[in-house]
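Welcome, and thanks for taking a look at this one with us. Please keep the structure open while you read the briefing below.

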Amino acid sequence: MKPDYSFFEPEERLPLSSVDDYIDFLFPYLTTNEKIALFLKRKYNPHTEFFDSKEHLKAIIDKGLKDCDCYISLSTCVPVGGKISKSAEHMYRRNSLGFDFDKKDFVNRLTTIQDFTAHFYSSTGLYIHYAIDSGNGYHFYVGIEETTDIPRVTSITRRFAVLSGADKANISKAQTLRMPGTLNHKNPQSPLAVNIVSAYIKDDKYRRYTLDYLESKLNMLERTAGIRPVIQKKSYNHREVKGMYLCIANMLKNGVPKGERNKCLGRIVSYYRDVARL
């Protein structure tokens with residue numbers, strides 16, 4: 001029976017070995033100082049390599065990285081303070097959402113790639129632009145319009161993961177996923193290939209989603225599912241003062257209950273007024 005790929009958009013499929021197109025999908029272009037992070041999880045020498053050229057990365061993958069688990073950052077990285085790493089503060093630009101589905105989380109429910117793609121579409125309403133067989137599950141990618149708002153992308157990804165049952169632990173500002181064309185060494189005695197199953201990006205109908213559209217869709221889906229929206233607290237960077245009272249630090253970090261805000265605000269103002277006099 002011919003596989004049903006109707007849950008992908010558009011209908012054209014690319015060759016399984018099209019890793020070059022996958023890299024171009026994640027990173028349509030690189031600007032000065034932008035790099036792609038590739039984490040090589042070797043037993044005795046785990047480290048991250050940074051590429052300022054897509055062609056260099058493509059050549060490395062083409063030669064074969066079969067001796068370790070390889071993970072690619074979904075965001076470009078830029079130096080901060082003259083240094084670069086794959087930590088969150090170095091993440092700069094994103095062009096996709098990434099979702100990790102582990103087969104063991106769907107035992108007796110979903111089995112084949114067709115099962116998983118149908119489930120993803122029915123639970124999110126999103127078309128999949130790349131599907132990767134990670135060895136023990138599937139990675140789905142959804143193209144988005146270019147953005148540097150990494151926290152917003154992370155929030156959107158996590159909300160769709162809640163709806164679809166994707167692995168939430170994998171989602172962060174510094175999210176990485178397994179690199180196609182490499183091997184999954186979770187079981188060292190029997191490594192599994194990480195392959196592109198299908199890709200749908202070269203067609204007149206192909207469009208990347210806007211973040212506004214995705215958030216609007218999430219609001220509707222969450223209301224239907226009875227999920228209450230999570231109110232994101234603003235993150236403030238408070239300069240810690242040596243000897244700060246523990247109660248003041250706790251109020252600034254965790255907020256205060258309703259009914260005590262005026263009183264607590266007075267304490268905070270008094271504290272900083274007294275500090276300013278020192």
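## Cores, a helix and its charged pairs

In this predicted model, Phe120 touches Phe99, Phe101, Gly125, Leu126, Ile128, Phe140, Val142 and Ser164, leaving aside residues up to four places away in sequence. Phe120 is also one of the residues that touch the most other members of the largest nonpolar core. From there, we can move to helix H5 and then to the salt bridges.

**The nonpolar cores**

- The largest nonpolar core has 28 residues, and those touching the most other members are Leu97, Phe99, Phe101, Phe120, Phe140, Phe160 and Leu214.
- Two or more residues of this core come from each of strand E5 (91-102), helix H3 (113-124), strand E7 (137-147), helix H4 (150-164) and helix H5 (211-225).
- H4 supplies the largest share of this core, with 5 residues.
- A second core, separate from that one, has 27 residues, among them Ile132, Val194, Ala199 and Ile201.

**Helix H5 and its two sides**

- H5 is a helix of 15 residues, and the distance from its first C-alpha to its last is 21 Å, close to the 21 Å expected at 1.5 Å a residue.
- Its buried residues are Leu211, Leu214, Lys217, Leu218, Leu221 and Glu222.
- These buried residues lie on the same side of H5 because they cover an arc of only 130 degrees around the axis.
- As background, an α-helix has 3.6 residues a turn, so residues three or four places apart point the same way.
- E5, H3, E7 and H4 are among the elements covering the buried residues of H5.
- If you turn to the other side of H5, you will find Asp212, Arg223 and Thr224 exposed.
- Just after H5 comes Gly226, with a positive phi near 75 degrees.

**Salt bridges between distant parts of the chain**

- The whole structure contains 12 salt bridges, and a few are worth a visit.
- In general, side chains of opposite charge can pair when their charged atoms come close.
- Asp212 and Arg152 form a salt bridge, with their closest N and O atoms 2.6 Å apart.
- This pair links distant parts of the chain, as Asp212 belongs to helix H5 and Arg152 to helix H4, 60 residues apart.
- Asp212 counts as exposed because its relative accessibility is 54%, while Arg152, at 24%, counts as partly exposed.
- Lys35 and Asp52 also meet through their side chains in a salt bridge, at 3.7 Å from N to O.
- Here too, distant parts of the chain are linked: Lys35 sits in the loop between helix H1 (19-26) and strand E1 (36-41), and Asp52 in the loop between strand E2 (47-51) and helix H2 (54-63), 17 residues apart.
- With 22% relative accessibility, Lys35 is partly exposed, whereas Asp52 has a relative accessible area of 53% and is exposed.

**Another pair, and a network**

- Lys104 makes a salt bridge with Asp102, and the closest N and O atoms of the two are 2.7 Å apart.
- Which partner is buried and which is exposed? Lys104 is exposed, with a relative accessible area of 56%, and Asp102 is buried, with a relative accessible area of 16%.
- A network of salt bridges links Asp24, Lys54, Glu55 and Lys58.

Methods
Residues numbered from 1 in each chain as written. Predicted model: local features only at pLDDT ≥ 70, side-chain atom pairs only at ≥ 80, totals over all residues. Heavy atoms only, no water. Core = buried A, V, L, I, M, F, W, Y, C linked by side-chain atoms within 4.5 Å. Buried < 20%, exposed > 50% of the residue type's maximum accessible area, 1.4 Å probe, protein only. Helix = DSSP H or I, 4+ residues; strand = E, 2+ residues; numbered from the N terminus. Contact = heavy atoms within 4.5 Å. Expected span 1.5 Å × (residues − 1). Arc of directions from axis to C-beta. Salt bridge = Lys/Arg side-chain N within 4 Å of Asp/Glu carboxyl O.
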